[in-house]
Amino acid sequence: MKKYNFNAGPSMLPREVIENTAKQILDFNGSGLSLMEISHRTKDFQAVIDEAMALIKELLDVPQGYSVVFLGGGASLQFMQVPCNFLIKKAAYLNTGVWAKKAMKEAKLFGEVVEVASSADANYTFIPKGWSVPVDADYLHITTNNTIYGTEIRKDLDVNVPLIADMSSDIFSRPVDVSKYDCIYAGAQKNLAMAGVTVIIVKDEKLGKAPREIPTMLDYRTHVDKGSMFNTPPVVPIYSALENLRWIKKQGGVEAMDKLAQQRAEIVYNEIDRNKLFKGTVAAEDRSLMNICFVMNEEYAELEKPFMEFATERGMVGIKGHRSVGGFRASCYNAQTVEGCNALVACMKEFEAKA
Ligand SMILES: *Cc1c(COP(=O)(O)O)cnc(C)c1O
């Protein structure tokens, strides 16, 4: 039976990305050696990292004066690396979910943290509006897509202080005005590649301002200066990112990804709103195009498990909601197909008809 992968992360990748990466793992560029057993210092791997960086700059239209860095450690390492490099005295954070909260916790190790707004009291079912940022904050940190709760900030905010964003679960799903940010970071395993690499885009002139000794490996300048080759980078994950970046470009770039994201989300949200069994969990205007969260309507609460079984029998994978929300979550990252969304909707309709 055909499987439709709605996993929240690590998540679905285009088949050709997986196949092309697998081929290079077996025989890298016809060398007779695996991608896993060559030196990262070889000319052939340098070409991989160069092309991946160039494609990131091209696809996101990264302006002059910014560097792209590949690091290990996941987005979670960035929760501390960002304040370590950018927090001078005080940083502002918008608390929109678990990941934002974890980022705040780490920032407190480096200075004062101001929570500009929070939707924690409402289980993060909306993006707070109408807040302001202290003018003396060194930066404002936001999480553009809240993977667990299914809310998203889909435009580049205008704020009075430098902006830093965790884009782990929506990077490359829409055009971004990078010039509005001092730093963007994203763990790869949601929307970009296999797990194991984190992409960081930093504004060069903002580095080296923090009043502390930064351990070599945590200083972004180390990796900017060495083109992410200070130490051994995650070779295979970077290769899979390259394949996916090529794929995104071939589809028409981030504009095409944006259109597709809207198309997929419309299909699924329309059905959630139409179907008497289900309801969405977040404020309509803040709905994420990447992680679509929904639960059973109260009067059908006992049908949650049966629907899960019904959908699983029909090939749906990974639609169980995060434990802090319950219900269901259909993650629709770049590789998700309209066909997959239609298959999920067909399941919901069929189940409704027999309920
Ligand atoms: C998954 C996720 C993280 C954590 O990523 P790791 O790479 O596992 O550390 C952080 N932020 C967001 C928005 C995420 O979706």
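Which atom of the ligand is 2.6 Å from an N or O atom in the side chain of serine 76? It is an oxygen atom of the ligand.

## Basis of the model

This is a predicted model, in which local features need pLDDT of at least 70 and side-chain atom pairs count only at pLDDT 80 or more, while totals for chains, interfaces and linings use all residues. Residues are numbered from 1 along each chain as its sequence is written, and side-chain values use heavy atoms, with hydrogens and water left out.

## Ligand surroundings

The ligand is surrounded by 13 residues (a heavy atom within 4 Å); the closest are Ser76, Thr147, Asp166, Gln189 and Lys190. By class, this shell holds 3 nonpolar, 8 polar and 2 charged residues. Its largest share, 4 residues, comes from helix α3 (residues 74-86).

Polar contacts are pairs of N or O atoms within 3.5 Å. A polar side-chain atom of lysine 190 lies 2.6 Å from an oxygen atom of the ligand, and a polar backbone atom of alanine 75 is 3.0 Å from a ligand oxygen atom. Of the 390 Å² of accessible area that the ligand has on its own, the protein covers 88% (Shrake-Rupley method, 1.4 Å probe).

## Pockets

A pocket is an open set of points on a 1 Å grid over the protein atoms alone, where a 1.4 Å probe fits, with protein on both sides within 12 Å along at least five of seven lines; lining residues have an atom within 4 Å of a point. The ligand sits in the second largest pocket (more than half of its atoms within 2 Å of the grid points).

The lining of that second largest pocket has 6 nonpolar, 10 polar and 3 charged residues, and α3 gives the most to it, with 4 residues.

Definitions and conventions: Polar contact = N/O pair within 3.5 Å; in protein donor to acceptor, adjacent residues only side chain to side chain. Helix = DSSP H or I, 4+ residues; strand = E, 2+ residues; numbered from the N terminus. Nonpolar A, V, L, I, M, F, W, Y, C, P; charged D, E, K, R; others polar.
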